[in-house]
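Hi,

Here is the structure I promised to pass on. Have a look at it first, and then read my notes below.

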Amino acid sequence: MVSMSSGVVVVGGGIAGQAVCEALRERAPDVPITLVCGESSAPYDRVRLSEILVSGEDSQTLGLRPAEWYTDNGVELLVGRIVTWIDTDRGVLGLDDSDELGFERLVIATGSQPLMPPIPGITLEGVHPFRDPADCETIRSAATSGIERAAVIGGGLLGLEAARGIAAQGCAVTVVHLLDRLMERQLDAGASSLLAPALAGLDIDVEFERNTQQIIGPDRAHGLRFTDGSELLADLVVVSIGIRPETELARSIGLVCDRGVIVDDAMRTSLPRVLAVGECAQHRGIVYGLVAPIHDQARVAAKTLTSDVAGGAGADASALYLGSVPSAKLKVAGIDLVCAGESGGDLEAVVSDAATGVYRKLSVRDGRVIGTVLLGDTRGSEALVAAVRAGEPVDDPLQALADASLAGPADLPDTAQICDCNGVCKGALIEAVTAGGCATPREVMAVTRAGTGCGSCRPAVKEIVAAATGGLSDEPAYLCPCRKQTREQLAQQIRDDDLRSVSDVAATCGTGRECGTCKPALAYLVSEVCANLHREERDARFINDRVHANIQHDGTFSVVPRMYGGVTTPAELRRIADVAEKYEVPMVKVTGGQRLDLLGVSKQDLPAIWRDLGMPSGHAYAKAVRTVKTCVGTRFCRFGLGDSVGLGIEMEKLWEGLHTPHKVKSGVSGCPRNCAEATVKDIGCVAVEGGWQVRAGGAAGGNVREADILTTVTTRAEALRVATAFLQFYRENADYKERTYDFIPRVGLEKVREVVLGEQSGAALRERLRIAKVATQDPWLERDDPYHRHQFDDLAAPEAPEPALVGPPAGGEL
């Protein structure tokens, strides 16, 4: 079946394909656009893969745009689809499911493949490229499996970032490099000689002039053998020696290719209907493997396409792609490195201090700046990179190097590119303030996308916005900065229109449709306003909330069953011990909240472990009511003034399962000796002579704060009522991710007391909490009724089930 189109089809769902769609849509609001993605997900930010490798963060956070963006911007998104043939004369292409798609213009943005050397052993188990989220998970899993050493073949930018990710898992790692210096495309010998010791300080060994002849097997990788006959033992081998442009499809339709698809200055290929952009394209003999050139190319391609498709409307014949000046930042925590342009010229200024690891260099040719290298001290990097890109004239490079360290981003010309990840220049940031009405860095970043990639440009963005606005003011507490919507505004809209899901709010208010980062906050707000009688959409939640366990740095999870008030039984302890042995749990740890934590559990084992435990979730992974820590109080302690165990258990049973703006940890102490540390908890009760002291807003983390005294009451029941009213007041009025110790000072202690202690207002708060509590369910019951069938699988593409109505089981009543 042929789907005829009068528009543009973009083949390739990477950064390049997404950049073309955005640039084209900005210039041509009505041109039909179809984006065909070979991977099973929408375009994601490959630049941040090294962050995922280090942290184990959910790869879904890499998404460049939420699904709603494609709908709102009229971009038809086809994921997991492969283009198998193209007929450029007819303007038709075929997909792997035999469907056909018509087009007027075609953009090839197929990217690249990792270059894997044709050496013996390259296909062995344990040998991996470093190219996509699946590679990250595989590498992290191997690095945490107890192997003695990993090896990374290639000492370029990605190779070093991969090595850092492996070292972060506690695994010994050696980088083996063919040449005599690291990052030879960007660094000279002087900078490289200082980079190697800096890496050694991060437990990354480097061996130079190593030509890998073979990966030692035979069943799986066990090491490397070099051409000089020496060997390096390694049970994990990561290959990062460069990229190979993906040109198979392009060659099949007769496009002229060399290393990549040959394009001219308008990004046109050898066929009239077809353009090429990104790592698959070769312009003036160069294939660019960095992000900034992709955005430059995409903007030019969009101008060419608007000229072609719109019959001249919007054409800009003078806007041609003349090449890009490459620049790079090494994303390795603990090492500051920025470089741009060429590493050498006919005149060079160098400031070097081996003792401190500082190397600053400015290269000049024919009186113009052509390159800079900054290691250890990157002051003025924005100004120097801008000077390289503009080819600014300079008489005294040493003075220019010194002057740059005093210059800030606000001093740059409007044409200076600030965000390489999204191709945003300083002028666009200023325009967002002067013409777009943005008043804060967060608003500017939401509108322009600057700072939303690797994040290294955020300080520069803040400085530029501060200069443009005349100084930074307090940022409004927008839940959705893209739409400038506050929590209060959205909560009222949810009530007024009876909105029951994140997608309902997105459809009605536009919330989360631009960048999607506010979706977890919106998911909480919808559930709170609807008293848990909402339609759950799990894709709006963080990974912890999707699988009901706390992800660890190695990609495993922690399981903390609920023990009310920190009290347990021999039977529970036996079950926990049995589970730990049966599933070979690496560590069982007593937590600070008087619970037992099973650490190192695989995602696939979670449902079975929950079933065998037979205990409810302790919500230790969520922004929710967590533990109520207690001392033994009057039950055993000779100093006890109140039954702290009894009150703690009552609190925990009354509140369990309730989600909150941030985690809530509570404590109950049976006397002022405060053994349960109730005075530094989010909610705390302390038995005193004649009654109970009820406190809130304590902290014992990075900052210690004594909890405020809300009131002193005479009975345990009264203490429970006050504490419950405060919890609901916090649930209803705090901003997402706002802890109680920030919430109370913002709202004011007197206001909190007025509402929480008021007879009618307090009773209303408790009633709303009761209603919300009735609709909660133990999330660990999803062991037998999962949200979707791949919920606990590794690397499975999530399905899109009908949103589940969250509420009490069938027959339940409010």
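A word on the basics: this is a predicted model, where local features need pLDDT of at least 70, side-chain atom pairs count only at pLDDT 80 or more, and totals for chains, interfaces and linings use all residues. Residues are numbered from 1 along each chain as its sequence is written, and side-chain values use heavy atoms, with hydrogens and water left out.

On confidence (pLDDT is the predictor's own score for each residue, from 0 to 100), the protein chain has a mean of 91, and 95% of its residues reach 70 or more. Residues 310-315 stay under 50, though the model gives them ten contacts (heavy atoms within 4.5 Å) beyond four places in sequence. Residues 795-814 are also below 50, with 41 contacts beyond near neighbours in sequence.

The domain assignment (automatic or from a database) lists, among others, domain 2 (127-241) and domain 4 (542-622). Their C-alpha centres lie 35 Å apart.

Now the inside. The largest nonpolar core (buried Ala, Val, Leu, Ile, Met, Phe, Trp, Tyr and Cys joined through side-chain atoms within 4.5 Å; buried is under 20% relative accessible area, 1.4 Å probe, protein chains only) has 76 residues. Ile86 is among those with the most contacts inside that core, and its partners farther than four places away in sequence include Phe103, Leu249 and Ile253.

Last, helix α6 (a DSSP run of H or I, at least four residues) covers residues 189-200. Its buried residues include Leu194 and Leu199, and the buried set packs against α5 and β13, among others.

Cheers

Terms used: Helix = DSSP H or I, 4+ residues; strand = E, 2+ residues; numbered from the N terminus. Expected span 1.5 Å × (residues − 1). Buried < 20%, exposed > 50% of the residue type's maximum accessible area, 1.4 Å probe, protein only.
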